[in-house]
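Open the structure in your viewer and keep the selection tool handy. We will walk through it stop by stop, picking a few residues each time.

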Amino acid sequence: MSFSHPQGTYGAGVPGGPLMKWANRLASWRARRARSSTLGIRLLVLTTVGRKSGQPRSTPLAWFPDGDAWLVVASSGGDAANPGWYRNVAAHPDAVTIELGGETIPVTATELQGEDRTVAWERIKAEAKQFASYERKTDRQIPVVRLTRR
């Protein structure tokens, strides 16, 4: 299944800078070690291969259970553009790993489409209300990606 979500024409700006880098490092440290949620959010560290650089790129993300798989959302806080990790996964869907609870797991990424996406998206918004606000901030359809153990 291909990755197909285009950028939007408007959206919220994504904060950056040293404070965000520090927060991401802290979230990654916590996700790599914790088997439970952090402040009510389940976190994992997604490692992709850079589509241009070919270098490993790691990002902490909230995740949602989906049977034996994990769902992650390319929300980027409601920005008009899809996040870099999404573009990397689209380029190399079989070169992805996740880390959580002290384990590194090779996964294959597939983007949910149609009814599968709709059902998962509604469940995600019900569980984590901030995702509904991200949806209101942009005109792009926010991708939902399933990560399945290889």
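Here is a short tour, from the whole chain down to single side chains.

**The whole chain**

Before you select anything, keep in mind that this is a predicted model. Show the chain as a cartoon and you will find 4 helices and 7 strands. Starting at the N terminus, their order is α-β-β-β-β-α-β-β-α-α-β. The chain has 150 residues, and 41% of them are buried. Now switch on the surface: the chain exposes about 8100 Å², with 54% of that supplied by carbon and sulfur atoms. Among contacts with a separation of 6 or more, 71% are between residues 24 or more positions apart.

**Stop 1: helix 2**

Select residues 84–91, which make up helix 2. Which residues are buried here? They are Trp 85, Tyr 86, Asn 88 and Val 89. These residues lie on the same side of helix 2, because they cover an arc of only 160 degrees around the axis.

What do the buried residues of helix 2 pack against? Add these to your selection: strand 1 (43–49), strand 2 (56–62), strand 4 (69–73), strand 5 (96–100), strand 6 (103–111) and strand 7 (144–149).

**Stop 2: Leu 147 and the largest core**

Next, pick Leu 147, which you will find in strand 7. Its relative accessible area is 0%, so Leu 147 counts as buried. Show what surrounds it: beyond its neighbours within four places in sequence, Leu 147 is in contact with residues including Leu 46, Trp 70, Ile 98 and Val 107. For a sense of how the chain folds back, select Asp 68 too: Leu 147 and Asp 68 are 79 residues apart in sequence, yet their C-alpha atoms are 9.2 Å apart in space.

Leu 147 also belongs to the largest nonpolar core, which has 19 residues. The members with the most contacts inside this core are Leu 44, Leu 46, Trp 70, Trp 85, Ile 98 and Leu 147. Strand 1, strand 4, helix 2, strand 5, strand 6 and strand 7 each give two or more residues to it. Now click on Ile 98: leaving aside neighbours within four places in sequence, its contacts include Leu 44, Val 45, Leu 46, Trp 70 and Leu 147.

In soluble globular proteins, nonpolar side chains tend to be buried together.

**Stop 3: another core and its rings**

Apart from that core lies another one, of 12 residues, among them Val 73, Phe 131, Tyr 134 and Ile 142. Keep Phe 131 selected and turn to the aromatic rings; the chain has 4 aromatic pairs. Add Trp 121: the ring centres of Trp 121 and Phe 131 are 6.4 Å apart and their planes are at 80 degrees, so this pair is edge-to-face. Trp 121 sits in helix 3 (residues 114–127) and Phe 131 in helix 4 (residues 130–137). Both Trp 121 and Phe 131 are buried.

Now add Tyr 134. With Phe 131 it forms an edge-to-face pair, 5.3 Å centre to centre and with 80 degrees between the planes. Phe 131 and Tyr 134 are both in helix 4, 3 residues apart, which is about one turn of the helix. Finally, add Phe 64 to see one aromatic cluster formed by Phe 64, Trp 121, Phe 131 and Tyr 134.

**Stop 4: a charge over a ring**

For the last stop, select Arg 42 and Trp 63. Where does Arg 42 lie? Arg 42 is over the face of Trp 63, at 5.2 Å from the ring centre.

Terms used
Residues numbered from 1 in each chain as written. Predicted model: local features only at pLDDT ≥ 70, side-chain atom pairs only at ≥ 80, totals over all residues. Heavy atoms only, no water. Buried < 20%, exposed > 50% of the residue type's maximum accessible area, 1.4 Å probe, protein only. Contact = heavy atoms within 4.5 Å. Areas by Shrake-Rupley, 256 points an atom, 1.4 Å probe, with all protein chains shown as cover. Phe/Tyr/Trp six-rings, centres within 6.5 Å; stacked < 30°, edge-to-face > 60°. Lys NZ or Arg CZ within 6 Å of the ring centre and 35° of its normal. Arc of directions from axis to C-beta. Core = buried A, V, L, I, M, F, W, Y, C linked by side-chain atoms within 4.5 Å.
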